[in-house]
Amino acid sequence: LLVNPIHAVPLTLPIEPCPYFAWSRLFRYPLYLRVEEIPGADLHGERISALATQGRVLSKLPLLDRTAMARLKIEAFGMLFTHFEEHAGDAERTSFLAHLRKEGESLLRFATYCALAEVHGADYWRWPDELRHPSAPAVARFRESATRRIRFYQWLQWETARQLDDASSSITLITDLAVGFDASGADAWMFQDLLAIGCRVGAPPDTFNQLGQDWGLPPFVPWLLRKARYEPYIATLRACLANGGVRIDHVMGLFRLWWVPPDAGPAAGGYVRYPSSDLLDLLALEAHRAGAFVVGEDLGTVEPEVRDELLSRGVLSYRVLWFEDDPIKAFPRQAIAAAGTHDLSTVAGTWSGSDAAMKEELGLPGAAEEGQFLRHRLNEVTGLPPGTAPERVVQAVHEALARVPALLTTVTLEDSAVMEARVNLPGTIDEYPNWRVPLSISLDDLMTSPTALALAAIMQAACEPRPAAR
């Protein structure tokens, strides 16, 4: 199961919807916790049930409202943390203390940041001067005065780790490693001495985004990261490799990153190179130690030697239908194959033209040309004429993908539900409801939908042993 980043975002309101705009890549997002499975939830049945009912109402809204959902879960977390403090048994307390020892100073600093963010806001640049560095004496004094609240955030991370371990006990879970973190968040606060403050990571203009991209993420200074013996990088890898696999977003960042200078746009940026040999060695070592595998998202402008290096290390390439000159034959064995990504239109949205029309309405350049190119690509892959039902097109695309030699092939929930709306539209902030478009049907209904069952059958058949050629 390949999931979006589960990196931590503080519980200060409003909640940031984008999972790639993390406050910390070292820790996890507690809003993914299933409240009913936290110890003590059964003893607060009436109140927990009432909160769950409100949550189900929110789930039926046309757009996801994470802030409203957070209010419900935060109330539940408070009750259940109090229950833990007052009623936890010896085994639970021992497990919690073992988790604190394992995570050490890193978790303590993160929990301290979360507690400070409750008081002063999530942007540490707006905090009082004496609190802006984690090693400052004033931070130590705050820690002494906010022990219980800091312990609350440590407890949340422990519960999140426990549920994640349970969820991945019988399935390989491929978590996603975002390319960076928010400039005002926990990781930026903890690692500020190693960052190029004021610069942002992004991407140069290309065919699919002619304005370029500014992701608003601060880059590590390469020589400072190396001087720190790559400790932040190693800790981040260990956090993401714990459950079976990792997909590294924008894996070219291990080689070079597009730095956008202060007060400038993406087109004014330039590439800064990183010690890729060191970073790849450490990636291979940590993946081996964790018994995990690695997928490198190598889309966009990629130098040939990048893929050669990744191939030699056993990293799976990430190949997408739209970007291959020969969409089927070009997929290599050492790869994960996909119809699209969260940054691209769905199969149904491409086929109907609704995605291109939406982009034209927003005034994004090249929308009509891109839509025409993608629909032509679908015609090439499927051989289906215009007017074919989108359900049939989705199936034909995955029938083609099932024949590629790639080790892994993915099917998105959006394509399984034959959704036209995309998850994310790069280059927009408020113009499009990025990361707030819900699945068009419930997961229960998806499990019995004809298209989802057909896609499951296609993939299952592709996994069956094939008779030897005569």
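This report looks at the salt bridges and the enclosed cavities in the structure above.

Keep in mind that the model is predicted.

**Salt bridges**

Side chains of opposite charge can pair when their charged atoms come close. In this structure, that happens a good deal: there are 25 salt bridges. Let's look at three of them.

| Pair | N to O distance |
|---|---|
| Glu-75 and Arg-47 | 2.8 Å |
| Asp-355 and Arg-422 | 2.8 Å |
| Glu-380 and Arg-377 | 3.0 Å |

Start with Glu-75 and Arg-47, whose side chains meet in a salt bridge. This pair ties together distant parts of the chain: Glu-75 belongs to helix α2 (residues 66–87) and Arg-47 to helix α1 (residues 45–58), with their positions 28 residues apart in the numbering. Glu-75 has 35% relative accessibility, so it counts as partly exposed. Arg-47 is partly exposed too, because its relative accessibility is 32%.

Next come Asp-355 and Arg-422, joined by a salt bridge. They also link distant parts of the chain, 67 residues apart: Asp-355 is in helix α12 (residues 354–361), while Arg-422 is in the loop between α15 (413–416) and α16 (443–446). Are these two buried or exposed? Both Asp-355 and Arg-422 are buried.

The third pair, Glu-380 and Arg-377, sits within one helix, α13 (residues 367–382). The two are three residues apart, so about one helical turn separates them. Glu-380 is partly exposed, because its relative accessible area is 46%. Arg-377, at 6% relative accessibility, counts as buried.

Salt bridges can also join up into a network, and here Asp-176, Arg-247, Asp-249 and Glu-297 are linked that way.

**Cavities**

Rolling a probe the size of a water molecule over the atoms shows where empty space is left. Searching the whole structure turns up four cavities of 30 Å³ or more.

The largest cavity has a volume of about 320 Å³. Its lining is made of 22 residues, and those nearest its centre are Arg-25, Val-179, Tyr-233, Gly-253 and Leu-254. What sort of residues make up this lining? There are 17 nonpolar, three polar and two charged ones.

The second largest cavity holds about 90 Å³ of space. Among the residues lining this cavity are Arg-25, His-7, Cys-240 and Asp-176. Which element gives the largest share of the lining of the second largest cavity? That would be β2, with four residues. By class, this lining has five nonpolar, three polar and three charged residues.

Two names come back along the way: Arg-25 helps line the largest cavity and the second largest cavity, while Asp-176 is part of the salt-bridge network and of the second largest cavity's lining.

Notes
Residues numbered from 1 in each chain as written. Predicted model: local features only at pLDDT ≥ 70, side-chain atom pairs only at ≥ 80, totals over all residues. Heavy atoms only, no water. Salt bridge = Lys/Arg side-chain N within 4 Å of Asp/Glu carboxyl O. Buried < 20%, exposed > 50% of the residue type's maximum accessible area, 1.4 Å probe, protein only. 1 Å grid on protein atoms, 1.4 Å probe; cavity = no way out; pocket = protein on both sides within 12 Å on 5 of 7 lines; lining within 4 Å. Points joined across faces, edges and corners; volume = space filled by probe spheres on them. Nonpolar A, V, L, I, M, F, W, Y, C, P; charged D, E, K, R; others polar.
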